[in-house]
Amino acid sequence: MAKHDLDPNYLDPNYEPVVNRSGNHPFHEVLAARLQRRSVMKGTVGAALASLMGVTLVGCSSDDDDDAADSADSSGGSASAATELGFKAIPVSTANQVVVPEGYSAVPFLPWGTPITGAYPEFQADASNTGAEQEQQVGMHHDGLHFFPIDQKAGGNSSTEGLLVMNHEYINQDALHPNGATAAADNLGVRPEDEVRKEIAAHGVSVVHIKQDSNGTWDLVFGSPFNRRITGGTEMDIRGPLRGYCKLVTRFSPSATETRGTLNNCSMGPTPWGTYLAAEENWHGYFANSEVNPPREQTRHGVGSSSRYDWELAAGGADAYVRFDVTPGLGDPDTDYRNEANTYGYMVEIDPFTPEAKPQKRTALGRFGHEGVIFAPAVEGKPVVCYSGDDSRFEYIYKFVSSQPYSAATAGGYLLDEGTLYVARFNDDGTGEWLSLSLEDDDFAAKVTAANGSMVGDINFTGFADQADVLLNTRLAADIAGATPMDRPEWGAVDPNTGEVYFTLTNNSQRTEGQTDAANPIAENRTGHIIRWSEAGGDHAATSFDWDIFVFAGEQGTETVVDGEAVVTLDDDNIFNSPDGLWFDYNGRLWIQTDGSDAAPYQNNMMLAANPVTREIKRFFVGPVGCEVTGVVTTPDVKTMFVNIQHPEVDWPFGTEGDHPRDATVIVTRDDGGVVGA
Ligand code: FEO
Ligand code: CA
Ligand code: CA
């Protein structure tokens, strides 16, 4: 029996331990603020919410929407018209197949195990491919993805050929092997080495060169030098402030400049210079530390005494596997892997157009459970700005602002190595602040000094040695700064028409009544909501913003109320729960993907489209049984859409032997060749 079958926590794909015990409740201090606007949820929990003390919203509310539409009108086109939803909403579904609206087609593509490189080893339907073969095949549990036009570097925007780059978040450990995973407990305390090799190889990122033929059919380009697998074992560089830092020294890299692998890559973000950032989300679960008192840089992130897959117990004790045991040995740090977990928790830059380039871990963006990253539009001469959510209950939303200005001619990953990391505070009056986590910031430095010697949550805080120490312990730094603990921030998206930033807050069943605040107003929030904000003056580098709640998810009748008026009332066409994936297409339609309860009334997980101007929402896509729908992108012409299906419960169209369901991408097109969603 696999280990994850023994621990109910591992059965929950959303398993994220609560590790923030800092008790940040900044809202309650400002709750006396005068209320001018209210954004509240009504419906099944309406009564409870009605009693919630006021929620003030002055930011991105209906007036701003009008402004947005007006400005778009004045520039030659109505944002509202451009983002109208032209398809007929589909009902909820329990079918073991993908469902899309009338006039659309959905075709599965690049399922787990598809050979893409090397010797192109054929996928075996009984899951008998070896670890070495998996290293040449598409990984498992498809997640965030992006389409890079093949001519992007030359300034082109091909919609018929490109590099599809996708994350493989984690694995269905039993489905990966012919007869399930072999538990160490059943095998003299060790895991078969090739099972571990295969599991590590099924993680990471796939880069696939794809092309549309004259009939409009997409296929991978066999033998393309761009086709590539990056796995949980690929060598990578450490960049930014933590490069060379003493707490990243390992036996593999005594200089603390390199590590191996990226894991639990959930969402991602394309950079303005044509590279791909893969997020490391629930990386803590891959490491084991049997110390009585593990260090704060592990405990605040959830590293525990055993690992999810027991890779550190691989037979033979190869260095590539023992590194997942981060228990200190008796020698110096360069003789063991006590610091291996400190080389995880970052955004990893991959250049899909340069296959020989090593991935780069960009430590200036902070170390936490990165769900993904979303860049603000790059502006010549201005800093590069990107946002990243930390998906765990009561964790935070961050923003990075580069020190150096963007220049299209010279832009590159170096821009991400130097800058300021901020964390968000959402005030109850609808304003918000970006709190600097730089020791050079007087306010932050004063808070660090004040906290020194006291308990921050369950951590006895003894100060930060330097800025590298701050970044290594980003969550702890954000606790001290006074950030707002959120209901599990997942994907973010930036409206191309207005610059507003949207984030999904997927759910948080553990928030109590006393822990509610204006931005997270629901106790036991089981269905989630979507928050959005406008940066002050429209400047993404600003340190303040105005926010509101775009929509509360829930069942039929759930209302999102602004100034006493229901601006959204969910019905059969758009009930949803646990929003997770979020993406603005190039026209400004907002795509919302779910990873939630697949019981009635919601049924299978889905993707909806939203008009950000009118808040109209329609269900567009429903996935097969047991899956999460996560990852969406289109070609630049928005005529081919790629959507990922993760962890389907049973096999759907592929015909594997036994219990080996395959994750896959789905290609969605309109039968008349038109723009998807229009
Ligand atoms: Fe990997 Fe937070 O979903
Ligand atoms: Ca997710
Ligand atoms: Ca999720």
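A pocket, in the legends below, is an open set of grid points with protein on both sides within 12 Å along at least five of seven lines, and its lining residues have an atom within 4 Å of a point. The model shown in every view is predicted.

**View 1. The largest pocket and the residues around its centre.** Let's start with the open space: the largest pocket holds about 740 Å³. Its lining is made up of 36 residues, and those nearest the centre are His146, Pro270, Phe375, Trp583 and Tyr586. Several strands contribute to the wall, with at least two lining residues coming from each of E3 (142-149), E10 (265-270), E14, E23 and E29. Three of these strands, E14, E23 and E29, return in the views that follow.

**View 2. The calcium ion (ligand 2) and its donors.** Here you can look at the coordination of the calcium ion (ligand 2) by Cys266 through SG, by Glu371 and Glu490 through OE, and by Asp580, which appears twice with OD, at distances of 2.3 to 3.1 Å. What do the angles say about the arrangement of the donor atoms? The 6 donor atoms subtend angles of 52 to 161°, so the arrangement is irregular. If you like sequence patterns, the donor residues of this calcium ion (ligand 2) read C-x104-E-x118-E-x89-D. The pair Glu371 and Asp580 links distant parts of the chain: Glu371 sits in the loop between strand E13 (360-362) and strand E14 (374-375), Asp580 belongs to strand E29 (residues 579-584), and 209 residues separate them. Both Glu371 and Asp580 are buried.

**View 3. A second calcium ion beside the one in View 2.** Glu490 (OE), Asp580 (OD) and Asp595 (OD) coordinate the calcium ion (ligand 3), at 2.3 to 2.5 Å. Along the chain, the donors of the calcium ion (ligand 3) are spaced E-x89-D-x14-D. Which residue coordinates both calcium ions, ligand 3 and ligand 2? That residue is Glu490, and the two ions are 3.8 Å apart. Glu490 lies in strand E23 and Asp580 in strand E29, so this pair ties together parts of the chain that are 90 residues apart in sequence. Glu490 and Asp580 are both buried.

**View 4. Strand E29 and its hairpin with E30.** Now zoom in on the strand that carries Asp580. Of the 6 residues of E29, 6 are buried, so the strand is largely enclosed by the rest of the structure. E29 runs antiparallel to strand E30 (residues 590-594), and 4 bridges join the two. Within this pairing, Phe584 has Leu590 of E30 as its bridge partner. The two strands form a hairpin with 5 residues between them, and Gly588 in the turn has a positive phi of about 105°.

**View 5. An open sheet of 9 strands.** Follow the sheet across and you meet its strands in the order E14-E15-E17-E18-E19-E26-E25-E24-E23, with antiparallel pairing. E14 and strand E23 (489-494) stand at the edges with a single partner strand each, so one side of each has no neighbour in the sheet. At the E14 edge, 2 bridges connect E14 to the antiparallel strand E15 (residues 383-389). Ile374 stands opposite Tyr387 of E15.

**View 6. Charged side chains in E26 and E25.** Both of these strands belong to the open sheet of View 5. Asp548 is placed in strand E26 (residues 544-552). Is Asp548 buried or exposed? Its relative accessibility is 1%, so Asp548 counts as buried. The Asp548 side chain makes a polar contact of 2.8 Å with the side chain of Arg532, and a polar contact of 3.4 Å joins it to the side chain of Arg615. Glu535 is in strand E25 (residues 529-535). With a relative accessible area of 6%, Glu535 is buried too. Its side chain makes a polar contact with that of Lys399, at 3.2 Å.

**View 7. Asn339 in a loop.** The last stop is the loop between helix H10 (319-322) and strand E12 (347-350), where Asn339 is found. Asn339 has a relative accessibility of 8%, so it counts as buried. Between the C-alpha atoms of Asn339 and Arg323 the separation is 9.1 Å, and these residues are 16 residues apart along the chain.

Key: Residues are numbered from 1 along each chain as its sequence is written. Chains are lettered from A and ligands numbered from 1 in the order in which they are written. This is a predicted model: local features need pLDDT of at least 70, side-chain atom pairs count only at pLDDT 80 or more; totals for chains, interfaces and linings use all residues. Side-chain values use heavy atoms; hydrogens and water are left out. Donors are N, O and S atoms within 2.8 Å of the metal (3.2 Å for Na, K and Ca); water is not among the atoms, so sites may look incomplete. Four donors count as tetrahedral if all angles lie between 85 and 135 degrees; four count as square planar and six as octahedral if opposite donors are over 155 degrees apart and all others between 65 and 115; anything else is irregular. Buried means under 20% relative accessible area, exposed over 50%, partly exposed in between (1.4 Å probe, protein chains only). Two strands pair if DSSP finds at least two bridges between them. A polar contact is a pair of N or O atoms within 3.5 Å; within protein, one must be able to donate a hydrogen and the other to accept it, and residues adjacent in sequence count only if both atoms are side-chain atoms. On a 1 Å grid over the protein atoms alone, a cavity is a set of points where a 1.4 Å probe fits but cannot get out, and a pocket is an open set with protein on both sides within 12 Å along at least five of seven lines; lining residues have an atom within 4 Å of a point. Grid points are joined across faces, edges and corners, and a volume is the space filled by probe spheres set on the points.
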